[in-house]
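Please open the model in a viewer and keep a selection panel at hand. The tour below proceeds by selections, each followed by a description of what is found there.

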Amino acid sequence: MTVSVADWFSEAANWAFLIIALPTLFAGWRTVSANNIVRAVLYLVVALAGTAALFFMLGAPFVGWTVVLVYIGAVIILFLIGIMITRAPLGVETELSHPAKVRIPVGLLSVVLFGVIAYATVDSFSNTMLEPFEPTATADLSNLLYSRWVIPFEVVSLVLLAALIGGITLARRDDPEDRR
Amino acid sequence: MTITQFVLVATALFSLGLYGVITRRNAVLVLASVELMLAAVNLNMVSFDTYLQDQLHAGQMMSLFIIALAAAEVGIGIAIILMIYRNLHTADVDELNRMKG
Amino acid sequence: MNLLATIIPQIILATEEGGHAEEAAHAIVPGITSGALVEWAWLIPVVPLVAAFLIVFFGRKSPFKGWLMAELSIGFVAVYGTVLFVLNATQGIVYEGQVEIARIGELTLEWGWMVDGLSIMMYFLVGVVGLLVFTYAKSYMHGDIRFTWFFASFSLFAGGMLVLVASPNMIQLIVGWELVGVASYLLIGHYWEDLTNVDAANTAFMVNKVADAGLFLGVIIMAVSVGSFRFNDVIDVVVHGEEGALSQYAFWAGLLIFIGAMGKSAQFPLHIWLPDAMAGPTPVSALMHAATMVTAGVYLLGRLFPFYIDPSGLFGGDVRNIIIVIGGITLFLMGFLAVVQDDLKKVLAYSTVSQLGYMVAAMGAGAYTAGLFHLFTHAFFKALLFLAAGSIIHAVHSNNMVDMGGLRKKMPITFWTFVMGTLALVGIFPFAGFFSKDEILASIRYAGESGQEVANLILFLGIAGAFLTAFYMMRLVALTFFGTYKGHAKPHESPKMMVYPMIGLAFFALTAGWVNIPGVYTGFTTWVATREPLTGMGDHHSESFDWTLVAITSAVVATSLVIAWLLYGKDADTQSERDRFRIPGLWPLFQNLYYIPSFYMRAIVRPIMGPMANAVLWFDMHVIDAVVNGVGAGSVVFARVVRATDEDVVDTVYNATAAATGASGSVLRKAVSGRVQQYAAFSFIGVLVIVVLFIVF
């Protein structure tokens, strides 16, 4: 089912979408262009939060909360720790990106990429509306996870275990006894 | 709500993330840009899941896995950056040109 | 028994005293013309050849170092041959199996196997005599360093001979002909450490090669004229008396093929190789140079017999005069040479050449049966004589009669078997040679009476030859077995494996003649006549003994034996004292073998080795080398030009390419900066391109 542009703007949900999406995009833009490193990371928080909100809008509350908890809760913390440990210049404005000589071609590349995919999308789906949907019940998700998706689930848990061990091993300071 | 609007947002975020990966000098910020790209992908997944009304919710399951793996990846990535910092005393990716040929 | 049923009435109806049966009335109806027995007869030549091959590769590790494989293969041939022989005698077999191999224009190349009277006789001979000789050879060659190779070559010979006698077409005959030539070369040169043996092998091969030129030309003329290589096709043309290409060139074809036969059957003047061939081991002399290989020439004449008997007068009839003359000269002249030899095997060798002369003379007289009958009997008693000679040589460790004497008491079995062989050779009733030699002389006499005038002279030579045969054999027996032992070894009788074959052959030497007794039983005649064409071979054979001839010959032989005994029988201190008789005036001629070998040496061999070789060398050095050097000098000049081009032109190109590569390299190197983000950028550009491509197309 398609929708015309005029009708699209008349739906309240779409306005809500715009209110969420635009800041998300802005925050994404600032993440990659800010010269203050902490601010860049914090802008990432906003972008991630925006995607979480969009998830809610798409009727995937569980995924949305997972994004909040894992991404914003843990990953961002990791980033901040990383900034701290590598003694990045905090609070000061420094050149955190390559000079314009690099930025402009890359920017062009990004724009072109966006254009191509956007064109493909619009060409394929144009004004197709989403069917009315119920938010996904977490119980359904959990049933699926432990039945249909149990193997990826197990594999991912192994990956996390490996990452855990790997991370610890990598980041361990050499003990004095290893330095003989 | 159309499917297009969500996909366009995801595409834009992806492109921004790509820009950041190539442009940023600090290794941590490169990782952050990668995170942005992954988030965009998640958004794509879930939008299509809703669009297709998938009974198996493949999209949502995929995005859960992606989140978990992204977290693991960031953990390892930060550990690696830490190691690099310990050896080279810098987190600037321009300094990491040992494979120059 | 239906064959006898057709013949006996003829015998009864013959009214002439000592008459001769006209053959046209005989129509031989063969009983077997198909069936598994004849269809599988292709195995007969193949089994020994396969055995030869296997022995070469696996002989050393196999039981008895390859002898067993050889023995089994020749045993197979003996059994199969005997079965065919018996069945041919009782029922008659005519069969020709073919497999086409190739086509050249209108001529076809085939591999085939003849199973008719003539071929079956040869299968039987090669098989039975071969089996006995192979058995003998195991003991004789014991301890020889090339034991395995010997049996491989021997099996190769057996296979080659069987290919030869099995061949229904001339090309396969030539294949077999050459195979036995190769085997002969290998076996004569078995003890190649001694250069004289090598020379003997070369002589045999070269002389045969000279004769083969005639054979090849003759075959070509015949085959092209008739349009086929098959013998029966040629005979067809002859029997039907068709005028055409063949009749035009028949004389030359017949003569040339006879020249080929002369080489293999050692006829004068191509006889020199056979005595030299005695350099090979005695089993080889027994089987090849007495019983089988040398008979290939006679076989060939027999195979093409209708061509030579030539009822219509259009074909090879004129060649027969040449054939009979050559045969007569051979049998006579070689007899003298046998008298003057001191080497035991050389006496037997010249005897063999002489007997081959008898066979060839018979063929020339138009006596198909007589020639083949003598071939048949001669195979047995000559092989026997050679094996016995080998037994003696083995015991006294010498070939020369100087070292012999008085062996009668020390080697009794050898003595008695040798005597039986001698009696057969000389032609004493009731031994085999009596009947076969008598038949030849009778046929020659008949030919003389029927219009072939030269045959009368040959008859005289034949009777004189009988005198000589008895003479030299008695000399041999007297010097070897009687008197006292003059040598230095301790002779004793040979081991069983050598003695039993000799006894077996002695049995045949006694009985083989009884298959063709004129007036009583002439089975052999029909056996060898059982072939295409089925109206008999057009030769004339006696219905009873020619008693006049028998009387004359017996008297001559008896006289000769007595004279020889008187001359050589007495003992003396050395053999040379016993061997005192010298034929007056002619002795040096005989000693030097009529100066023929030295003539060949001076006239042919030395000019080729000497002046001709020098001329060729001069040509090579001055003419050919000049050309080669000229080419070389030209190449040098060319090379200089090339180098100049190389340096100026080519090198410039290379240098420019290298410089361009270097320059582009220094530019492109910037792409490999070690900066990961750069790599990422490029890969995403690539992704972009692919996506665009997917969308657009």
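## A helix pair across chains A and B

Select α7(A) and α3(B): the two helices count as roughly parallel to each other, because angles under 35 degrees are classed in that way. The model is a predicted one. Helix α7 of chain A spans residues 150-171 and helix α3 of chain B spans residues 58-88; they pack at an angle of about 10°, with their axes 9 Å apart. The crossing of α7(A) past α3(B) is left-handed.

Next, display the side chains of the contact. On α7(A), select A:Pro152, A:Val156, A:Val159, A:Leu160, A:Ala163, A:Gly166, A:Gly167, A:Leu170 and A:Ala171. On α3(B), the contact is made by B:Phe65, B:Ala68, B:Leu69, B:Ala72, B:Gly75, B:Ile76, B:Ala79, B:Ile80, B:Leu82 and B:Met83. By class, this contact holds 16 nonpolar residues, 3 polar ones and no charged ones. As background to the spacing of such positions, an α-helix has 3.6 residues a turn, so residues three or four places apart point the same way.

## Chain A and its two neighbours

Widen the selection to the whole of chain A. Chain A has 7 helices and 0 strands, and 27% of its 180 residues are buried. Among its contacts with a separation of 6 or more, 64% are between residues 24 or more positions apart.

Colour chain A by its contacts with chain B. Here 76 residues of chain A are in contact with 60 residues of chain B. On the chain A side, the elements that give two or more residues are α2 (12-33), α3 (37-57), α4 (61-85), α5 (100-125), α6 (138-147) and α7. The largest share, 13 residues, comes from α4(A). The classes on this side of chain A are 53 nonpolar, 20 polar and 3 charged residues.

Now turn to the side of chain A that touches chain C. In this contact, 6 residues of chain A meet 7 residues of chain C. The chain A residues involved divide into 6 nonpolar, no polar and no charged.

## Chain C: overall view

Hide chains A and B and select chain C. Its secondary structure comprises 28 helices and 2 strands, and 51% of its 697 residues count as buried. Of the contacts in chain C between residues at least 6 apart in sequence, 80% join residues at least 24 apart.

## An enclosed helix

Select residues 282-291 of chain C, which form helix α12. Is this helix enclosed or open? Helix α12 is largely enclosed by the rest of the structure, because 10 of its 10 residues are buried. The buried residues run from C:Thr282 and C:Pro283 to C:Ala290 and C:Ala291, and include C:Ser285 and C:His289. To see what covers them, add α5 (117-140), α6 (147-166), α7 (170-188), α11 (273-276), α16 (344-364) and α17 (368-396) of chain C, which are among the covering elements.

## The nonpolar cores

Which residues have the most contacts inside the largest nonpolar core? They are C:Val129, C:Phe380, C:Ala383, C:Leu384 and C:Ala509, in a core of 218 residues. Helix α17(C) gives the most to this core, with 20 residues. Centre the view on C:Ala383: beyond residues up to four places away in sequence, it touches C:Val129, C:Val133, C:Ala286, C:Leu287, C:Ala290, C:Ala291 and C:Leu505. A second, separate core has 76 residues, including A:Ala52, A:Val67, B:Leu31 and B:Ala79.

## A helix crossing within chain C

Select α21 (residues 454-481) and α24 (residues 547-568) of chain C, whose axes come within 8 Å and cross at roughly 30°. This crossing is right-handed. Among the residues that meet are C:Phe467, C:Phe471 and C:Arg475 in α21(C), and C:Val556, C:Trp565 and C:Tyr568 in α24(C). The contact has 16 nonpolar, 2 polar and 1 charged residues.

## A final stop in a loop

Select C:Arg582, in the loop between α25 (575-578) and α26 (587-591) of chain C. This residue counts as partly exposed because it has 13 C-beta neighbours inside 10 Å. Add C:Val340 to the selection: the two residues are 242 apart along the chain, and their C-alpha atoms are separated by 8.4 Å.

Terms used
Residues are numbered from 1 along each chain as its sequence is written. Chains are lettered from A and ligands numbered from 1 in the order in which they are written. This is a predicted model: local features need pLDDT of at least 70, side-chain atom pairs count only at pLDDT 80 or more; totals for chains, interfaces and linings use all residues. Two residues are in contact if their C-beta atoms, placed from the backbone, lie within 7 Å. Ala, Val, Leu, Ile, Met, Phe, Trp, Tyr, Cys and Pro count as nonpolar, Asp, Glu, Lys and Arg as charged, and the others, Gly among them, as polar. Helices (H or I, at least four residues) and strands (E, at least two) are DSSP runs, numbered from the N terminus. A residue is buried if 20 or more other C-beta atoms lie within 10 Å of its own, exposed if 12 or fewer, and partly exposed in between; C-beta atoms are placed from the backbone. Axes are lines fitted to C-alpha atoms, for helices over the stretch in contact, and angles run from 0 to 180 degrees between N-to-C directions. Angles under 35 degrees count as roughly parallel, over 145 as roughly antiparallel, 65 to 115 as roughly perpendicular and the rest as oblique. A crossing is left-handed if the near helix is turned anticlockwise from the far one by less than a right angle, and right-handed if clockwise. A nonpolar core is a set of buried Ala, Val, Leu, Ile, Met, Phe, Trp, Tyr and Cys residues joined through C-beta atoms within 7 Å.
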